[in-house]
Structures are given as C-alpha cells and as structure tokens.
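Grab your viewer and a coffee, and work through the exercises below. Each one sets a task and then walks through a solution.

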Amino acid sequence: EVSITKFPADERKIIAKAHDKYKKARAGIINTRHGQIHTPAFMPVGTKGTVKAMLPESVQTTGADIILGNTYHLMLQPGAKRVFKLGGLHKFMNWSKPLLTDSGGFQVMSLSKLRKITEEGVIFNSHIDGSKFMLSPESSTEIQYLLGSTITMAFDECTPYPSTYEQAKSSMELTSRWAKRSRKAFYSRDGYGQFGIIQGSIYNDLRLKSALDLIELDFEGYAIGGLAVGEGQELMFKVLDYAPDLLPINKPRYLMGVGKPADIIGAVQRGIDMFDCVIPTRSGRNGQAFTKYGVVNIRNSKYKEDNTPLEEDCLCPACKNYTKAYLHYLVKVKEILGAMLMTWHNLMYFQKLMLRIREYIAQGKDFDFIS
Ligand SMILES: Nc1nc(=O)c2cc3nc(NCCN4CCCCC4)[nH]c3cc2[nH]1
Ligand SMILES: [Zn+2]
C-alpha cells in the first residue's frame, strides 16, 4: 500500500531536484580490441608500463578493465621504437586488456625542465639526462601507435589554472589546431580509438567552442582536460555542471587526473564515464589506506598493536591475511611488501567503489552516500 506524503510544492521541487541530480549518471560498456570496459570506470595509473608495486595479474584481480600509460615517460625510456620492436606495450608489460596512453603534453609541462611551446609542438629537455626532444600532434600519435595503445589521446595543451580569458582562449585554439593534426595522424583500426581533449579552463563559451571544434573531428571518445590542476573541487564541479553535456551523449567521456572518491562520485553524477588518478597507488605507497571508515594513515602509532585488518570484509591480500599492526610495521621500516599490500588494498577499494556506482546506476538508485 503506497502512502502518498503530501509535500509542500517547494519541498517536492527539492526532492525532484535531488533525483534530477542523478539523471546524467550513466553506466555502460566500451567494447575494444583488447576487451570490454565497464563504465563508470577507474583506470589505475601505470605511467612507465607498470602499476607501481603491482603485478599485472594482481591489478586484474582488483577488477580493473583498463590501465593508463604515459607517452612522455615511455618515449624517453625504453623508447617507443624499442617497445614496438619487442611486440608492443601489452606484450612488454604482460597486460592483455585495454591500455590508454596520455599524449605527453601535460607531463612535459609538469616534468621536463626546459621547454619551448611552438605551433609545431613542444621542444623539451628530458628530465632524465637533459637530451633534447620534440613532441608534436604527429609524433605523439605515432608514439602511441608504436606502443600499441587501445585508446590514444590527442596531443593537447593543458591550460594552466588560473588563466585569464585571453590566455585560455589562445591555449584552447592551439589545442583545437593540434587536435585536427592528431586526428589526421591517427591510424584508425577496428577496436582501437582516439579521444579528443577539450580545454577552455573555467570559461563556458571557450569550453563550448572547444567541444564544437573537436566534435567535428568525430573522435571515438572525448576527455575533459584542464581540470584537477589546482582549481579545487567546487570550481571543477562548476565546469562539470555543463561541460559533459557539450559532448556527444553516445560517446565515452573521460575526466583526466581525477580523483578522490568524492570527486569521482560528483563527476559521475554530472555525466562522466572514465577516470584515472595516481591517488590510490601513490598514497598507498605513502601509507594511506582508503577504507569505509575513512582514510587510515597506517604510520600512526595507534595502529602499532592493532591486530585487526584494514577492512574486515575486504577480499584483498592485505585485509585477508594481515593486520594493521603488520602494515604499520612494514610501512615504517619501508619494506617493499608494505607498498605492495597498501597499493593492492587501495586499488581494490577504488574498483569496489566503481562497481557499486555501476550497480546503483543500473538499479536507478541514488549513490550519493557512497564515499
Ligand atoms: N593530455 C592531458 N591533458 C590535460 O588537460 C590533463 C589534465 C590533467 N589534470 C590532471 N590532474 C592530476 C591531478 N593529480 C591529483 C593527485 C596528485 C597528482 C596530480 N592530470 C591531467 C592530465 C592531462 N592530460
Ligand atoms: Zn583490503
């Protein structure tokens, strides 16, 4: 028997609003040459052809369908031609599922010391031995082909934050010209795809122009770039309140570099399908464990005799076979096993979060309270 509660009109609007909030969330499957990707998806970061402290088969047990690699690092060492000669990155690192590679511009700006941005591309000195390199839409696209990437990212310029409107406009226009060249250089094959990356910083008219320019190039998917660069969650969500809607509804939307669980939930609610972030792996190595009780800083002395697991119902090796006391000890004495177990748990936590979000969306349920 359904009891109808008479809400005053304005309260009903709030309830409707709340449910509206979820109408942009979507769950789906991306089919690729290297297998399916269940979305919303979280991609563990494997920058140098390895998810740090994890065997690829261990990454697979956490439920990850796809991992991310970096053009910038792999072109410097071991070199894209060498990886190609050795059979491609999938074979080289023994990962047979989908691989997405970032196109390198963002990493050049955050890692290499000397660099020069020209219309042609970015000229930079390797942060390893100072030798000179150039990355362009053409060379980045070719490198990703040599690596054998399942999903290739267009070569873009990540507009820094904060930027004036003028700075953001000229940066976005450069990205549009580079996107056209990236698309032209892409060798399209069944089951492989290339994603365009929209820029425009926090300016909605620039974001719209960027989207229109890239939609013309008919990419297989679209990323929202230029976010998670220091603008903060509030401003990021403000852009995400409209930017995903500028992109084709039937193609994957990837928010680069995001993020913490709360960032992921808020972005899924705004229509994002794919994520990547170093947080679960980097913070795991740093002694931070994500749990349903919140983040546990395992180095805290309160855990030194805590004989309980991080999470009693977690199926990862850290929780099944070890205690917080042991993890506390391993991380304190910098034992390699500490990095392994903390990373494994965090990746399992992030994949469980994505699985629950996918289930909630499929059942049309609100997933606000998952953290
Ligand atoms: N091609 C490309 N274009 C971007 O606009 C971009 C924007 C990005 N924004 C981030 N943010 C990463 C934030 N991360 C948070 C945890 C600590 C390390 C940094 N990664 C990005 C990668 C990017 N890659
Ligand atoms: Zn665990």
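## Exercise 1: a threonine in a helix

Thr-141 is buried, its relative accessible area being 3%. Bear in mind that the model is a predicted one.

**Task.** Work out where Thr-141 sits and which residues it touches beyond four places in sequence.

**Solution.**
- Step 1: find the element. Thr-141 belongs to helix H7, residues 137-147.
- Step 2: list the contacts. Setting aside residues up to four places away in sequence, Thr-141 touches Ser-136, Ser-182, Ala-185, Phe-186 and Gln-194.
- Step 3: look at the side chain's polar atoms. One of them lies 2.6 Å from the backbone oxygen of Pro-137.
- Step 4: take a distance for scale. Thr-141 and Pro-244 are 103 residues apart along the chain, and 25 Å separates their C-alpha atoms.

## Exercise 2: two loop residues

**Task.** Decide whether Lys-251 is buried or exposed, and find which backbone oxygen lies 2.6 Å from a polar atom of its side chain.

**Solution.**
- Step 1: place the residue. Lys-251 is in the loop that runs between H10 and strand E12 (253-255).
- Step 2: apply the cut-off. Buried means under 20% relative accessible area, so Lys-251 counts as buried at 17%.
- Step 3: collect the surroundings. Beyond four places in sequence, Lys-251 touches Arg-26, Asp-218, Phe-219, Glu-220, Gly-221, Tyr-222 and Asp-273.
- Step 4: pick out the oxygen. The 2.6 Å partner is the backbone oxygen of Phe-219.
- Step 5: compare sequence and space. From Lys-251 to Phe-237 you count 14 residues in sequence and 20 Å from C-alpha to C-alpha.

**Task.** Now do likewise for Thr-159: which side chain makes a polar contact with its own?

**Solution.**
- Step 1: Thr-159 is in the loop between strand E9 (151-153) and helix H8 (165-185).
- Step 2: with a relative accessible area of 2%, Thr-159 is buried.
- Step 3: the contacts of Thr-159 outside four places in sequence are Ala-168, Ser-171, Gln-199, Ser-201, Gly-226 and Val-229.
- Step 4: the polar partner is Ser-171, whose side chain is joined to that of Thr-159 by a contact of 2.7 Å.

## Exercise 3: two helix pairs

Two packed helices are described by the angle between their axes and the distance between the axes.

**Task.** Classify how H10 (residues 233-240) runs relative to H11 (residues 261-269).

**Solution.**
- Step 1: the two axes come within 10 Å and cross at roughly 20°.
- Step 2: angles under 35 degrees count as roughly parallel, and H10 and H11 are therefore roughly parallel to each other.
- Step 3: the H10/H11 crossing is right-handed.
- Step 4: H10 brings Gln-233, Met-236, Phe-237 and Leu-240 to the contact, and H11 brings Ala-262, Asp-263, Gly-266 and Ala-267.
- Step 5: sorted by type, the residues of this contact are 5 nonpolar, 2 polar and 1 charged.
- Step 6: check the burial of H11. 8 of its 9 residues are buried, so H11 is largely enclosed by the rest of the structure.

**Task.** Repeat this for H14 (residues 324-332) and H15 (residues 336-362).

**Solution.**
- Step 1: the axes of H14 and H15 come within 7 Å and cross at roughly 125°.
- Step 2: that angle makes H14 oblique to H15.
- Step 3: the H14/H15 crossing is left-handed.
- Step 4: Tyr-326, Leu-327, Leu-330 and Val-331 of H14 meet Leu-337, Gly-338, Leu-341 and Met-342 of H15.
- Step 5: the contact of H14 with H15 divides into 7 nonpolar residues, 1 polar and no charged.

## Exercise 4: backbone oddities

Most residues other than glycine have a negative phi, and most peptide bonds are trans.

**Task.** Which residues does the cis peptide bond with omega about 0° join, and which does the one with omega about 5° join?

**Solution.**
- Step 1: at about 0°, the cis bond joins Tyr-161 and Pro-162. Pro-162 is in the loop between E9 and H8.
- Step 2: at about 5°, the cis bond joins Val-258 and Gly-259. Gly-259 is in the loop between E12 and H11.

**Task.** Compare the settings of Asn-94, with phi near 55°, and Ser-201, with phi near 50°.

**Solution.**
- Step 1: Asn-94 is in the loop between helix H5 (89-92) and strand E5 (99-102), and at 53% relative accessibility it counts as exposed.
- Step 2: Ser-201 is in the loop between strand E10 (193-198) and helix H9 (204-215). Ser-201 is buried, with a relative accessible area of 4%.

Methods
Residues numbered from 1 in each chain as written. Chains lettered and ligands numbered in written order. Predicted model: local features only at pLDDT ≥ 70, side-chain atom pairs only at ≥ 80, totals over all residues. Heavy atoms only, no water. Axes fitted to C-alpha atoms, helices over the stretch in contact; angles between N-to-C directions. Helix = DSSP H or I, 4+ residues; strand = E, 2+ residues; numbered from the N terminus. Parallel < 35°, antiparallel > 145°, perpendicular 65-115°, else oblique. Left-handed = near helix turned anticlockwise from the far one by under 90°. Contact = heavy atoms within 4.5 Å. Nonpolar A, V, L, I, M, F, W, Y, C, P; charged D, E, K, R; others polar. Buried < 20%, exposed > 50% of the residue type's maximum accessible area, 1.4 Å probe, protein only. Polar contact = N/O pair within 3.5 Å; in protein donor to acceptor, adjacent residues only side chain to side chain.
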